[in-house]
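Me: I would like a close look at a single part of this structure. Start from one residue, then work outward to what surrounds it.

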Amino acid sequence: MIGIDRVTGRKITGFDQLVSRVTQVMTTPLGGRIKRSKFGCNVRKYLAANMSDIMLIRIQSAALEAFYNQANGLGDFSPSSCVAKRHATGLSLYFSGKWQGRQIKFEVPLDVST
């Protein structure tokens, strides 16, 4: 699959393109697109809440749920875990799972200032 980097505008493929697609889904609220109302996930709705451990578990659950929503187009990645960790400007989601027959790990930062 070929995509476009959201920051640089350059063509991306392979693993970089997968991470870009996952980032796009995690940062788009469910129902946030008019013509694709089923695209996105519920992660952002929890970001404004107090970042207690229970809220982190809810965010992890919402992130994993997004992979099983067919409208998101993430069926080529099979997640095995998602860990949400706090940092100074928000939190990051760390995913691991299987993609194209191999185990991979990657990070999706969620900056609350954007």
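Reply: Gln100 is found in the loop between β4 and β5. Helices (H or I, at least four residues) and strands (E, at least two) are DSSP runs, numbered from the N terminus. This is a predicted model, in which local features need pLDDT of at least 70 and side-chain atom pairs count only at pLDDT 80 or more, while totals for chains, interfaces and linings use all residues. Residues are numbered from 1 along each chain as its sequence is written, and side-chain values use heavy atoms, with hydrogens and water left out.

The backbone at Gln100 stands out. Its phi is near 50°, a positive value in a residue other than glycine. Gln100 also counts as exposed, at 60% relative accessibility. The cut-offs are under 20% relative accessible area for buried, over 50% for exposed, and partly exposed in between (1.4 Å probe, protein chains only).

Now go inward, along the two strands that flank this loop. β4 (90-99) and β5 (102-111) each supply at least two residues of the largest nonpolar core. That core has 29 residues. It is a set of buried Ala, Val, Leu, Ile, Met, Phe, Trp, Tyr and Cys residues joined through side-chain atoms within 4.5 Å. Val22, Met26, Leu91, Leu93, Phe95 and Phe106 have the most contacts inside it. α1, α2 (43-47), α3 and β3 also give at least two residues each. The top contributor is α3, with 6 residues. As background, nonpolar side chains in soluble globular proteins tend to be buried together.

Take Leu93. Setting aside neighbours within four places in sequence, Leu93 is in contact (heavy atoms within 4.5 Å) with Met26, Ile59, Ala63, Cys82, Val83, Ala84, Phe106, Glu107, Val108 and Leu110.

Ala63, one of those partners, is found in helix α3. Its relative accessible area is 0%, so Ala63 is buried. With the same neighbours in sequence left aside, Ala63 touches Met26, Val43, Cys82, Leu93 and Phe95. Gly14 is another matter: it lies 49 residues from Ala63 in sequence and 21 Å away in space, C-alpha to C-alpha.

Cys82 appears in the contact lists of both Leu93 and Ala63. Cys82 is buried, with a relative accessible area of 8%. Cys41 is buried too, at 4%. The two do not bond, because the sulfur of Cys82 is 9.8 Å from the closest cysteine sulfur, in Cys41, which is too far. The count of disulfides (pairs of cysteine sulfur atoms within 2.5 Å) comes to 0.

Stay with α3 for one polar link. Gln60 lies in this helix. Its side chain reaches the backbone nitrogen of Ala84 at 2.9 Å. Beyond its neighbours within four places in sequence, Gln60 is in contact with Cys82, Val83 and Ala84.

Then the charges. The whole structure holds 2 salt bridges, each a side-chain nitrogen of Lys or Arg within 4 Å of a carboxyl oxygen of Asp or Glu. One joins Arg86 to Asp53, with the closest N and O atoms 2.8 Å apart. This pair links distant parts of the chain: Arg86 in strand β3 and Asp53 in helix α3, 33 residues apart. Arg86 is partly exposed at 43% relative accessibility. Asp53 is exposed, at 54%.

The other joins Asp76 to Arg21, with the closest N and O atoms 2.7 Å apart. It also spans distant parts of the chain: Asp76 sits in the loop between α3 (53-66) and β3 (77-87), Arg21 in helix α1 (residues 14-27), and 55 residues separate them. Asp76 is partly exposed at 36% relative accessibility, but Arg21 counts as buried at 12%. Arg21 also touches Met1, Gly73 and Leu74, among its contacts beyond four places in sequence.

Last, α1 itself. This helix has 14 residues and reaches 20 Å from its first C-alpha to its last, close to the 20 Å expected at 1.5 Å a residue. The expected span is 1.5 Å times one less than the number of residues. Its buried residues are Gln17, Leu18, Val19, Ser20, Arg21, Val22, Thr23, Val25 and Met26. Of these, Val22 and Met26 are among the core residues with the most contacts.

Notes. Polar contact = N/O pair within 3.5 Å; in protein donor to acceptor, adjacent residues only side chain to side chain.
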